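Student: Could you take me through one part of this model up close? I'd like to see the sheet and what sits around it.

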Amino acid sequence: LYRDNEILIFDEPTAVLTPQEVEELFIIMRQLTSEGHTVIFISHKLNEVMTISQRVTVLRGGKSAATVNTKDTSKEELARLMVGRDVFLRMDKKPCNPGETVLEVKGIECLNNKNLQALKNLSLEVKAGEILAIAGVDGNGQSELVESITGLRHVTKGQVFLNGKDMTNKPPRDILEEKVAHIPEDRHRRGLVMNMPIKENFMLMSYYKKPYSKGISLDWNYIETHSKELVEQFNVKCPNIEVQAKNLSGGNQQKVILGREIDREPNLLIAMHPVRGLDIGAMEYVHKRIIEERDRGAAVLLVSTELEEVLSLSDRIAVLYEGEIMGVIENDDNVNIEELGLMMAGSKKMAS
């Protein structure tokens with residue numbers, strides 16, 4: 001703006017903004033266009049596209065699928081243009097029927113990578129058969145919370161209970177053995193070994209025990225047969241199970257992780273940004289499988305910065321701000337988006 005540019009390109013500008021801050025940004029963008037500036041707004045958030053744009057160009061496979069006037073289209077049509085078929089933008093799910101508490105976090109604290117306090121006396125619980133979503137702007141302790149639960153980060157205070165057992169600061173393998181599945185935020189760094197074939201990535205969590213191994217040897221017949229079953233079951237698009245993980249698309253890499261973790265029939269599924277970087281078709285598939293796990297009776301801890309995803313999947317929503325829970329609300333027809341936005345910006349939950 002200082003250089004009096006005529007064209008302004010906003011690439012995913014709302015990724016780290018609360019709903020109120022998004023509104024303020026849109027006011028500025030409308031002012032810019034009224035003054036004669038050209039604004040290119042790049043986003044995968046269809047609500048925002050419909051709100052702020054006059055025309056929309058949809059990209060699919062690196063090509064322009066269509067350009068339409070916003071007033072003449074809908075979110076459903078845009079999603080169809082993005083994927084090439086009808087897509088369910090909001091998942092239909094049965095009413096929640098919560099059971100026993102699977103995960104209980106009591107007053108935990110930990111430090112971040114800069115040795116600053118990341119979590120402050122944080123408590124929450126997740127019951128069997130429910131999805132608890134952790135909402136909030138990225139960088140408010142989400143990574144540290146998941147790492148504390150999964151044994152990847154040292155807890156300096158408080159306790160983590162799994163199935164009633166104190167698992168605070170236990171080794172990651174001991175925690176996984178409590179039937180915990182983890183879809184990590186960085187699929188390349190912590191979800192897959194990129195230079196290994198699909199069949200070996202499928203067995204990463206269970207290679208050391210039956211039926212993957214026979215004594216000190218791996219049972220390659222079982223591994224290959226079961227890998228083919230998982231490829232088919234989870235709709236992984238690949239030439240064969242020998243292809244290296246790095247050669248798959250982002251959506252198919254995520255499906256490999258999803259298949260491996262869900263195949264273990266976990267009591268607790270921790271899904272952190274499970275659809276980050278995926279196209280809308282892969283997003284729909286991942287969301288469907290997460291809801292199926294909840295309906296099977298698993299407790300699901302969903303961590304997402306996407307409010308649409310949180311509202312579509314969760315039964316309860318806990319808002320995290322600077323390492324503290326600002327409040328927990330039921331996700332029903334009476335959800336107050338403005339209240340959620342205020343909580344994401346640091347306001348405690350209003351008294352009901």
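Tutor: A quick convention before we start: contact here means heavy atoms within 4.5 Å. Also keep in mind that this is a predicted model.

Let's get going with the sheet itself. It's an open one of six strands, ordered 10-13-14-7-15-16, and the pairing is mixed. Strand 10 and strand 16 (324–330) sit at the edges with a single partner strand each, so one side of each has no neighbour in the sheet. From one strand to the next, the twist averages 15°.

Now zoom in on one pairing. Strand 7 (residues 131–135) and strand 15 (residues 316–321) run parallel, with four bridges joining them. In that pairing, Ile134 stands opposite Ala318 in strand 15. Packed on the sheet you'll find helix 4 (residues 142–150), which touches strand 7, strand 10, strand 13 (268–272), strand 14 (299–303) and strand 15. The direction of helix 4 makes about 155° with that of strand 13.

Back to the edge at strand 10, and the loop that leads there. Glu178 lies between helix 5 (172–176) and strand 10 (180–183). Is Glu178 buried or exposed? Its relative accessible area is 15%, and since buried means under 20%, Glu178 counts as buried. Setting aside residues up to four places away in sequence, Glu178 touches Leu162, Asn163, Lys165, Met167 and Asn267. His273 is another matter: Glu178 and His273 are 95 residues apart in sequence and 22 Å apart in space, C-alpha to C-alpha.

Next, the nonpolar cores. The largest has 46 residues, and Ile198, Phe234, Val256, Leu258, Ile317, Val319 and Leu340 have the most contacts inside it. Its largest share, six residues, comes from helix 10. There's also a second, separate core of 31 residues, with Ala118, Leu119, Leu268 and Leu320 among its members. As for Ile198, leaving out neighbours within four places in sequence, its contacts are Val231, Cys238, Asn240, Ile241, Val243, Leu248 and Val256.

That leaves helix 10 (residues 280–296). With 17 residues, helix 10 reaches 24 Å from its first C-alpha to its last, close to the 24 Å expected at 1.5 Å a residue. Helix 10 is mostly covered too, with 13 of its 17 residues buried. Just after helix 10 comes Gly297, which takes a positive phi of about 115°.

How values were computed:
Residues are numbered from 1 along each chain as its sequence is written. This is a predicted model: local features need pLDDT of at least 70, side-chain atom pairs count only at pLDDT 80 or more; totals for chains, interfaces and linings use all residues. Side-chain values use heavy atoms; hydrogens and water are left out. Helices (H or I, at least four residues) and strands (E, at least two) are DSSP runs, numbered from the N terminus. The expected span of a helix is 1.5 Å times one less than its number of residues. Buried means under 20% relative accessible area, exposed over 50%, partly exposed in between (1.4 Å probe, protein chains only). Two strands pair if DSSP finds at least two bridges between them. Axes are lines fitted to C-alpha atoms, for helices over the stretch in contact, and angles run from 0 to 180 degrees between N-to-C directions. A nonpolar core is a set of buried Ala, Val, Leu, Ile, Met, Phe, Trp, Tyr and Cys residues joined through side-chain atoms within 4.5 Å.
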